[in-house]
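The following exercises concern one protein chain. Each task is followed by a worked solution.

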Amino acid sequence: MSYLKFLREVGKHITVNQMMSKETVKKRIEDPDKSISYTEFSYMLLQGYDFVRLYEDKGCKLQISGSDQWGNIVTGIELIKKMTDGDAYGVTSPLVLDSSGKKFGKSEGNALWLNPTMTTPFKIYQYFMNVSDEDVARFLKLFTLLPLEDIDNIVQKHGEDMAARYGQGQLARYVTETIHGKVAMETAVKVTEFLFGEGDKLEALRAMSKEEIEAVGRETGLSTLDPNNLSIVDALVNCGLEGSRGDAKKSIQAGAIYLNEEKVEDI
């Protein structure tokens with residue numbers, strides 16, 4: 001359906017005045033410090049009509065969303081009633097915000113996807129490992145099915161030494177395992193310990209499975225190089241660690257390059 005055809009179709013059932021009287025639109029128009037573009041204004045209609053199509057084509061009678069989508073859902077319910085004489089429903093929940101007031105989402109740049117190719121188990125794990133201390137208890141209650149007594153115990157232990165990040169660790173483990181399973185969670189833990197922990201990195205690497213090494217590579221930038229006649233300068237450039245052979249030589253001469261934890265001194 002073209003956009004003009006869509007407007008004609010929807011315009012038979014809902015007027016501009018009706019749209020402008022909606023609370024979410026009305027607030028934006030009346031507030032001198034805010035404004036609303038036509039794109040945003042028509043977005044509510046598009047979302048509402050999307051509900052119509054889901055209702056007619058897929059038999060969808062219920063939409064569930066965050067509270068910021070309330071106006072879109074209500075518009076859809078109105079259109080369904082007027083266009084089909086059917087009944088549809090909406091359920092919203094308060095947006096999950098962190099302690100700074102930031103929400104989870106694409107617009108904030110911190111969307112967490114369930115698809116592991118879009119957000120790896122390691123990144124899920126890292127996200128929750130880095131939440132603030134103020135968010136630990138609330139997120140344990142929101143994102144886990146742990147009994148409240150267990151959560152209280154975690155929070156109490158976390159409070160004894162916040163620098164150890166025990167609460168974040170429990171939260172990260174539980175959420176990652178819930179989404180991706182125990183194996184993926186354990187791999188995320190091992191990758192984290194390898195990248196940020198103390199100890200001999202080479203020994204830790206030797207103890208890893210192929211899958212765990214590949215997981216490290218995905219998070220750090222894995223490169224496969226042809227070992228035949230490959231110099232350290234070529235390796236640095238081919239891996240993308242240096243932009244040119246000249247830059248690579250300067251870094252080596254400055255003592256900035258290590259191979260297997262040994263400083264490279266001979267170009």
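**Exercise 1. Two residues with positive phi**

Task: Determine whether R165 is buried, partly exposed or exposed.

Solution. R165 is partly exposed, because its relative accessible area is 27%; buried means under 20% relative accessible area, exposed over 50%, and partly exposed in between (1.4 Å probe, protein chains only). The model is a predicted one, in which local features need pLDDT of at least 70, side-chain atom pairs count only at pLDDT 80 or more, and totals for chains, interfaces and linings use all residues. Residues are numbered from 1 along each chain as its sequence is written, and side-chain values use heavy atoms, with hydrogens and water left out.

Next, place the residue: R165 is found in the loop between α8 and α9. Helices (H or I, at least four residues) and strands (E, at least two) are DSSP runs, numbered from the N terminus. R165 is not a glycine, yet its phi is positive, about 55 degrees.

D85 also has a positive phi, near 60 degrees, and is a residue other than glycine. D85 is found in the loop between α5 and β2. With a relative accessible area of 59%, D85 is exposed.

**Exercise 2. The strand pair**

Task: Establish in which sense β1 and β2 pair, and over how many bridges.

Solution. Strand β1 (residues 62-66) and strand β2 (residues 89-93) pair in the parallel sense, over 5 bridges; two strands pair if DSSP finds at least two bridges between them. One of the bridge partnerships joins G66 to S93 in β2. Between the strands the chain passes through helix α5 (residues 70-84), a right-handed β-α-β crossover. Right-handed here means that, with the strands pointing away from the viewer, the path from the first strand over the helix to the second runs clockwise.

**Exercise 3. The nonpolar cores**

Task: Identify which residues of the largest nonpolar core touch the most other members.

Solution. A nonpolar core is a set of buried Ala, Val, Leu, Ile, Met, Phe, Trp, Tyr and Cys residues joined through side-chain atoms within 4.5 Å. The largest has 16 residues, of which Y125, F128, V131, L140 and L171 touch the most other members. At least two residues each come from α6 (121-129), α7 (133-143), α8 (148-160), α9 (166-180) and α10 (182-196). The most, 4 residues, come from α6. A second, separate core of 11 residues includes F51, Y55, I73 and L79.

Now examine α6: 7 of its 9 residues are buried, among them F122, Y125 and F128. Their cover includes α7, α9, α10 and α12.

Finally, consider V131. Leaving aside neighbours within four places in sequence, V131 is in contact (heavy atoms within 4.5 Å) with V136, F139, R165, Q168 and L171.

**Exercise 4. A buried aspartate**

Task: Decide whether D135 is buried or exposed, and state what D135 touches.

Solution. D135 lies in helix α7. Its relative accessibility is 3%, so D135 counts as buried. Not counting residues up to four places away in sequence, D135 touches D98 and S99.

**Exercise 5. The largest pocket**

Task: Find which element gives the most residues to the lining of the largest pocket.

Solution. On a 1 Å grid over the protein atoms alone, a pocket is an open set of points where a 1.4 Å probe fits, with protein on both sides within 12 Å along at least five of seven lines; lining residues have an atom within 4 Å of a point. The largest pocket has a volume of about 910 Å³, the volume being the space filled by probe spheres set on the points. Its lining has 22 residues, and the closest to its centre are C239, L241, Y258, L259 and N260. The element that gives the most is α12, with 4 residues.
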